[in-house]
Structure formats: structure tokens, C-alpha cells
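Reader: Hi! Could you walk me through this structure?
Author: Happy to, let's take a look together.
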Amino acid sequence: MRGDGVTMAKDGGDEADGAPRRGRPRSIETTNAILESAYALMATTGLATTTIDAVARHSSVSKMTIYKWWPSREALLIDAFLHHAAQMLPLPPVSTGTAASRARRHAAAYAEALQSEFGKVQLAVISECISKTGSAELFYARYLQFRRDALVEMIAAGQKDGSVLAEGAPEDLYDAIYGSLFYRYVFGIAPVTAAYARNLVDMVLRPKN
């Protein structure tokens with residue numbers, strides 16, 4: 001299962017593309033070098049110049065290795081974004097308060113991240129997926145699905161223990177929070193602040209305390 005980081009199969013394959021590959025196991029150091037180089041290039045020079053050639057030069061890893069480990073340039077860009085997001089926006093541990101308090105912290109952190117290069121990179125990667133494949137399905141499958149499922153489960157647990165009073169489907173409540181934040185950011189309707197994100201969580205989830 002893919003979590004906050006990029007999970008590697010024991011035989012060196014990438015679990016995300018559904019086709020483990022035989023051969024030498026991946027080096028964690030080399031993998032991190034590739035992912036960090038790809039994100040650094042996206043953040044500083046833009047997506048158009050973040051080619052496999054550029055990532056290979058920046059990371060000092062051969063193009064052959066990169067092509068062996070990622071099925072497409074888009075998959076590499078998404079995994080680079082995922083790798084960075086795992087460090088910048090870790091999923092809230094169960095032991096750190098009620099579902100609502102954890103949701104407030106995570107939504108506030110996401111709102112703050114959107115104001116940095118993180119927001120621009122996220123939007124650019126989604127746009128790249130839509131441009132190349134006709135949909136954002138690849139981004140959802142490689143990045144969003146696991147994180148969305150984890151936060152939906154957290155909201156459902158809050159409804160079950162009574163700390164979340166909102167009665168809607170947990171999936172809809174999640175979408176109401178994060179969809180609103182992303183919508184405001186993309187269209188520049190109003191500033192997306194941490195305070196706004198926390199208030200939005202309270203309005204949607206209606207926490208007991």
C-alpha cells in the first residue's frame with residue numbers, strides 16, 4: 001500500500017503502477033535523489049523544463065534507471081510531488097486528538113502550503129496529467145486516493161464516537177473542506193489562510209467540542 005511516502009516493492013518494482021519489475025532492488029538514496037531533483041526542478045524552473053533528461057542530470061542518475069523505475073514522466077512528477085507532500089503535509093496520527101482537531105491542523109497546514117511553491121507545483125502537475133491523458137485519474141491514483149481515504153476514515157471515526165456532529169457522508173464532508181480550499185486557491189476568490197481553513201472545518205464537521 002502507498003502511504004505518505006513512495007513505497008517500493010521488495011523486488012525493486014513500483015507498486016503504484018501495478019506491475020512489479022524484476023531486477024535489483026531500488027536504492028533508497030538514489031530514489032530520493034531522483035524525486036528531490038524532480039521536485040526542485042518543478043519548483044524552480046517549471047514543469048516544461050522538468051524533463052527526464054533534466055532530472056537525470058540534476059540527480060546524477062542515468063536516464064535508463066529513471067525509465068526503469070517510472071512508467072512515464074507524469075508518474076515521476078506525481079511521485080516527486082507525493083514525496084515532498086509526505087514531508088510537508090503528513091497525515092495526522094490517530095493519537096493526536098479528536099477527528100475535528102486533527103482535521104483543523106491538517107486543513108490549516110494545507111492552506112498554508114497552497115501559498116508556497118507547493119500550491120503552484122500541485123496545480124501544474126494536475127494540469128500536466130489532464131493535458132497528457134485527458135483526465136486527472138493518474139494524479140488521483142498515485143497521490144490523492146490514499147490520503148483522501150485516510151482522512152475520510154478519520155471523519156467517519158469522529159462521527160462514530162460523537163465528536164463530529166455533521167451527518168453527511170464522510171466523503172462529502174472531506175470534499176466540502178478540501179474542494180473549497182482548492183477552489184478558492186485556483187480561482188483566487190479570496191485568501192486561503194490557516195484561520196479560514198480551521199473555520200471551514202468547524203462549519204462542515206460541526207465538532208462537539
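Author: Let's begin with a term: a charge sits over a ring if NZ of Lys or CZ of Arg is within 6 Å of the ring centre and within 35 degrees of the ring normal.
Reader: Okay, so which ring does the charged end of Arg 184 sit over?
Author: The ring of Tyr 196, with the charged end of Arg 184 placed 3.8 Å from the ring's centre.
Reader: Anything I should know about the model?
Author: The model is predicted, so local features need pLDDT of at least 70 and side-chain atom pairs count only at pLDDT 80 or more, while totals for chains, interfaces and linings use all residues. Residues are numbered from 1 along each chain as its sequence is written, and side-chain values use heavy atoms, leaving out hydrogens and water.
Reader: Cool. How many aromatic pairs are there?
Author: Eight. Rings of Phe, Tyr and Trp (its six-membered ring) pair if their centres lie within 6.5 Å; planes under 30 degrees apart count as stacked, over 60 as edge-to-face and the rest as tilted. Trp 69 and Trp 70 make an edge-to-face pair, 6.4 Å between centres and 65 degrees between planes.
Reader: Is Trp 70 buried or exposed?
Author: Buried, at 2% relative accessibility. Buried means under 20% relative accessible area, exposed over 50%, partly exposed in between (1.4 Å probe, protein chains only). Trp 69 is buried too, at 8%.
Reader: And which residues form one aromatic cluster?
Author: Phe 81, Phe 118, Phe 139 and Tyr 143. Within that group, Phe 81 and Tyr 143 are paired edge-to-face, 4.9 Å centre to centre with 70 degrees between the planes. Both Phe 81 and Tyr 143 are buried.
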